[in-house]
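Please open the structure in your viewer and keep the sequence panel beside it, since this tour moves from one selection to the next.

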Amino acid sequence: MAITIQMIKELREATAAGMGACKEALTATNGNMEEAVKFLREKGLAVAAKRVDKESKQGIIALAESADKKTLALAEVNCETDFVAKTEAFIKFVNDAAKVALEGKDIEATLADDYKMLLTKTGENVKIRRSERYALGGTGVVSGYIHMGGKIGVLVELETPCEKCAASAELAEAAHMICLQVAANAPKYINPEDVPQAEIDAELEIKLNALKEQKGKLPPEQALVGIKKGMTDKFCTQICLVKQDYVADGDLTVEKYLEGVSKACGGAPIKVKRFCRMQLGA
């Protein structure tokens, strides 16, 4: 069967694959449009298999939000080059992936055909790396933030026993500001008590070894008690969200900032229930 330009254009419009790939697919399937689409999907998987050893460190993190703003989701999809990450087809796929994650569905299974076509279009090793979904679990608010055009994505949930506070503009703004905090300062934990003792011990070993090299020997054990406490407290201010300096006002910690928001909301306590920070390729 003769393959016409019109047939190639029709397949291209249906799949967004290149003209050459469309012609190849139509030739291989004797002009059968449905079989040509299947051919392109299978070709996409073959391309991915050949490039499985290529590093996929570029890509996008996308955010999706439910209409009632009570459920949010992040999805990260990686590719090999920044050029592909900026293409319309790739951006659409990542946004669709976030929407699928928002619905609580498996991205790879739900978007299987779209994924195969994306592999064909890009010719790169594209990976659906991860997703995260936050559904408000009680009285409070959830918030999400995308930084640097999709290089960093953040989800935060704040909780409070007061329904009026939960519905306030003040709490919504606080949740957004905590998202900015998490994006900028990359905390690992919420509170010092969340830090595993093994991690604290490892940090103390490093700091004490450095102190010993500097001084020639360690101070007496009695003095070490206070030194270790100081080192632990400083370490926790770096990795624990509530103990970090608040990014919008260095005179406050995040903990003090939330106390101020609490007073503005009538005194109801406000706590960070959970947070998620995704950094592209990290």
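A polar contact, a term needed at the first stop, is a pair of N or O atoms within 3.5 Å, where, inside a protein, one atom must be able to donate a hydrogen and the other to accept it. Keep in mind throughout that the model on your screen is a predicted one.

Begin by selecting Thr237, which you will find in helix H11, the helix made of residues 221-239. If you show its side chain, you can follow the side chain of Thr237 to the backbone oxygen of Lys234, which it reaches at 2.5 Å. Is Thr237 buried, exposed or partly exposed? Its relative accessibility is 35%, and because partly exposed covers the range between 20% and 50%, Thr237 falls into that class. Next, add Lys243 and Gln244 to the selection, since Thr237 touches both of these residues when those up to four places away in sequence are not counted. For a longer view, select Cys162 as well: it lies 75 residues from Thr237 along the chain, and the C-alpha atoms of the two are separated by 28 Å.

Now move to helix H1, residues 5-15, and helix H2, residues 19-28, which pack with their axes 9 Å apart and at an angle of about 110°. Angles from 65 to 115 degrees count as roughly perpendicular, and H1 and H2 are therefore roughly perpendicular to each other. The crossing in which H1 passes H2 is right-handed.

Finally, show the side chains where the two helices meet: Met7, Ile8, Leu11, Arg12 and Thr15 belong to H1, while Met19, Cys22, Lys23, Ala25 and Leu26 belong to H2. Sorted by class, this contact has seven nonpolar residues, one polar residue and two charged ones.

Key: Residues are numbered from 1 along each chain as its sequence is written. This is a predicted model: local features need pLDDT of at least 70, side-chain atom pairs count only at pLDDT 80 or more; totals for chains, interfaces and linings use all residues. Side-chain values use heavy atoms; hydrogens and water are left out. Axes are lines fitted to C-alpha atoms, for helices over the stretch in contact, and angles run from 0 to 180 degrees between N-to-C directions. Helices (H or I, at least four residues) and strands (E, at least two) are DSSP runs, numbered from the N terminus. Angles under 35 degrees count as roughly parallel, over 145 as roughly antiparallel, 65 to 115 as roughly perpendicular and the rest as oblique. A crossing is left-handed if the near helix is turned anticlockwise from the far one by less than a right angle, and right-handed if clockwise. Contact means heavy atoms within 4.5 Å. Ala, Val, Leu, Ile, Met, Phe, Trp, Tyr, Cys and Pro count as nonpolar, Asp, Glu, Lys and Arg as charged, and the others, Gly among them, as polar. Buried means under 20% relative accessible area, exposed over 50%, partly exposed in between (1.4 Å probe, protein chains only).
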